[in-house]
Structures are given as structure tokens and as C-alpha cells.
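Please read the following report alongside the sequence and the coordinates. It takes up backbone geometry, the interface between chains and the nonpolar core.

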Amino acid sequence: MNFAPTEEQALLLDSIKRFVQREYKDGMRPASAMGPETDRWRTFADLGWLGLVAGLDGTSLAESVQPTTILAGELGAGLAPEPLLQYAILSAIVLRELSDSPLAQLRLRELSAGNWLPLLACGGAQCAPEITVTAEGFGSRYRLNGVVRRLLGASSAHSFLVPARLQTEVLFELLPKTAGVTRRDFRTVDGRSMSDLVLCDALVTPDQLISDSAELSAVLTRGWNHATLATCAEMVGVMSRALDATRSYLRVRRQFGRPIAEFQALQHQVAEMFVELEQARSMLVRGSTALQEPTFRGTLRQIHAMKVRVNEAAKKVGAQAIQLHGGIGMTEEYIVGRCYKRLLVDGKLFGDTRACLARFISE
Amino acid sequence: MASMLKLTGAQLMQAISELSVEALEDDGLIFYPKDCLETDEDRPPGSAYAAGVVADALYRRATTIYGGTGQIQRNLIARYLLEAE
């Protein structure tokens, strides 16, 4: 297998790295605003990053896997707080795949241009897309009821893409200010913006029905798989950041009259961190292959296995990074603590180890 | 010996707090500011018992560092075992 990036990928990688270095020095605290009104989101749009999976230039979904993996990984290494993954990967793929819906295609174009933020409303911590909203006919409209938990970036959403159970599974577009819609905003452990969405007799009109396609479930799963892959890529990026910080520290810090990098116990521990990271990276490659090759069998199992392995590596690498830094690793200002928290949150998004393992076994 | 107690005690505290965070499932994603349980309005979602669990687990990363790191404890034990009779 040839892992060398193509010229296009190398250019993409380079431009993201430079952006991250400029914008996310030291994993600074997340800004409170992160939508199209911010400079960063506008830059994402101008650089084409919001349109990577949209395929408006004819690229297939399979072809978008490598670029999105690169983007997610580098933004992860920068501890970027913006919910680019939730909008420009997860929601974008769902919109893209509903090719028969003019509303979906309109929102996709607007999302890619950086002018609209439509967010898929499925529980953020589940290892598969869950439908927790019921819909029933109500006169000429539909009435929605249900709770959607742990939506990252929901406070910036211009609209929610809500899968609901009618007689079959359907997808509605719901505006946040609709009566009956309550959004409970809170911070995640790593300081990002997340919300629970509570729908209580929220009314939508027939032209807000995006799709009632029989393919909807498959489309949601496809989006979920790609988003899980991107999350794992992000986690590998965060782990790399933590490992790099650890390597630097070991070389620089002196104790007992020498750089602590000379102590064999620490050498072994950092070596083990590296081995864990590389195994996580390999599982990422395997997951990436599963989504690029149409003939790959057992895609779901592969995605779940990947999330399990990456989650486990993240626990070990994150913890060891703090441990090898000693007291400094515990300080708020230092990067490794932030890496640890990011990995903790990402470890639960799109399925924690226990849930993914249970699914893997049952498939 | 004190070193063994420090070594295994610290690891055990971490294992327990890690399991607690795992058991919280998606409540473990939420940041609970200090005193947030006092008022109802700003209370984040999730069970009441979830508040403080992740904060505890994060703090306990330090148990294997403070009072002599795990690495140092192992050195002390090894020195006791291996020094010349």
C-alpha cells in the first residue's frame, strides 16, 4: 500500500498546517461564537473546506475520504473548537446523499458557501444514528415530539435536520425559533458548545419535509460512518500533538542531573505511547479503506472496531502524556491537559468503547 | 511498604474514577461548573449524581504524580529489592 500523499493532498495538508499554526496557537480557549459571522468560518468556506464532501465539483463521496481525514487530523492537532465535522462532514453527507430533495441540495450549496449551518439532529454519543423524534399528522402540518441529546455545535445552527418516525422514517428541516423547540446549551468537558434539543409539539409544514425516501436510514448511516472516521482522524491528530509535546519535554526537562529522556523507564513509556498511536493510525487507515472501496464487506464492523481501538489508544496516550510531564501536565495552561480532555469527549462522541464493542459483536 | 501503597493506591483511584466516567455514558460529556446544582435555571442536563464525577477523574490524573511519581515509587521498591546484601 502506498501511503504517500498525492500532490493535491500534500498541498491541502500544507495549507491546513499553516492555518492551524496561525490560528490555534497553544490550543487556545474556544471562542463563544463560531458560525458564518466569524472570520474563521468564512476562511473555512473560502478555502473550500466546507465543501469537501459536497461533491459540487463532481468528486465522489469515496474521493472525499482522504481530504476530510487529512483536514480532521490537522484541525485535531490544533485542538480546533469549531464543529466543522458536525456540519461540513456529517450533515453535509446526509444532504448530499438525498439527491432527490431540492431543499437538501439548496442547504448543501449554502453550507458549502459558508452561509447556512444545517445540523443533523441525532444523539451525538451514539455509535449509530438514532431516531428519537416522533412525528404525527396535525391538520395540514406535522407535530414533532422527542429529545435529541448531546448535539455539538447546535447553538450555531440555522436549522436542524430532524429524522423522525412517521409511518416510516422521514427527515424534516426545523428552525430553532419554532414554538415548542427548546435548546439547552451547555459546555463540554473540553470547553466546546453542546446542546440538548427538546421538541414538544413543534409544528412543521409539508414543505419542511426534506425526504421520506426508503433510503433515509442508509443515508444517515453513511453520514455517521464518515463522521466517525473523521472523529478518529481528529483523535489521532490530538494524540500526535500530545506525543510531540511529550517528546520535547523529555528532552528539555532535567532532573537528577540529566535530561529525563535519559531514564530508561521513561524511554519505554514514550515508546509505548508511540506504538499505541501507530496502531490507532493503522485502524484509521483500515476504516478509511472500508469507506473508499465499494466492494469492502463488513464496513460497519470495521468502523466500530476502529472507534474501539482509537478510543483505547486515546486513553493510554492521553494519560501517559500527562504522567510523563509530571506536575506541569496538570496545569490548565499547558497543552497536554487540553489534549486529554479533547480525547475524553471525542472518545464518547459517535460511540464509546462499550457501545461500539457491543455493536461489533452483534453484527 | 509505603511505596507499594502509594503506587497501587494511586492506580486504583484512577481506575475507579475512569470507570465512573465510563458509567456516566453521555452525561460524562457535560461540564458542570461549581455550584451549578444550586439553581435550576442554569443547571446543565444530566443526572444530579453526574456533577463532579469527571472533574474528580481529571484531578486524579495527579495521584500518580504528587507525593512521588509512580516511576519514583518503582525505583524505591527496586532499590530495596536489589541493593547489595
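A residue is called buried when its relative accessible area is under 20%, exposed when that area is over 50%, and partly exposed in between (1.4 Å probe, protein chains only). By this rule L79(A) is buried, with a relative accessible area of 8%. This is a predicted model, in which local features need pLDDT of at least 70 and side-chain atom pairs count only at pLDDT 80 or more, whereas totals for chains, interfaces and linings use all residues. Residues are numbered from 1 along each chain as its sequence is written, chains are lettered from A and ligands numbered from 1 in the order in which they are written, and side-chain values use heavy atoms, with hydrogens and water left out.

Most residues other than glycine have a negative phi. Two residues with a positive phi are set out below, with helices (H or I, at least four residues) and strands (E, at least two) taken as DSSP runs numbered from the N terminus.

| Residue | Phi | Place | Relative accessible area |
|---|---|---|---|
| L79(A) | about 55 degrees | loop between α3 (61-77) and α4 (84-97) of chain A | 8% |
| R150(A) | near 60 degrees | strand β3 of chain A | 1% |

Turning to the interface, 30 residues of chain A are in contact (heavy atoms within 4.5 Å) with 24 residues of chain B. The area buried between the two chains, meaning the accessible area (1.4 Å probe) lost on putting them together and summed over both, is about 2,300 Å², and carbon and sulfur atoms give 61% of it. Five salt bridges are counted between chain A and chain B, each a side-chain nitrogen of Lys or Arg within 4 Å of a carboxyl oxygen of Asp or Glu. One salt bridge joins the side chains of D26(B) and R149(A), at 2.7 Å from N to O. Elements of chain A that each supply at least two residues of the side touching chain B include β3 (141-152), α7 (264-292) and α8 (299-325).

D27(B) lies in the loop between α1 (2-23) and α2 (53-59) of chain B and counts as buried at 7% relative accessibility. Leaving aside neighbours within four places in sequence, D27(B) has contacts that include R149(A), R150(A), Y32(B) and S47(B).

The largest nonpolar core, a set of buried Ala, Val, Leu, Ile, Met, Phe, Trp, Tyr and Cys residues joined through side-chain atoms within 4.5 Å, has 126 residues. Helix α6 (residues 216-252) of chain A gives the largest share of this core, 18 residues.
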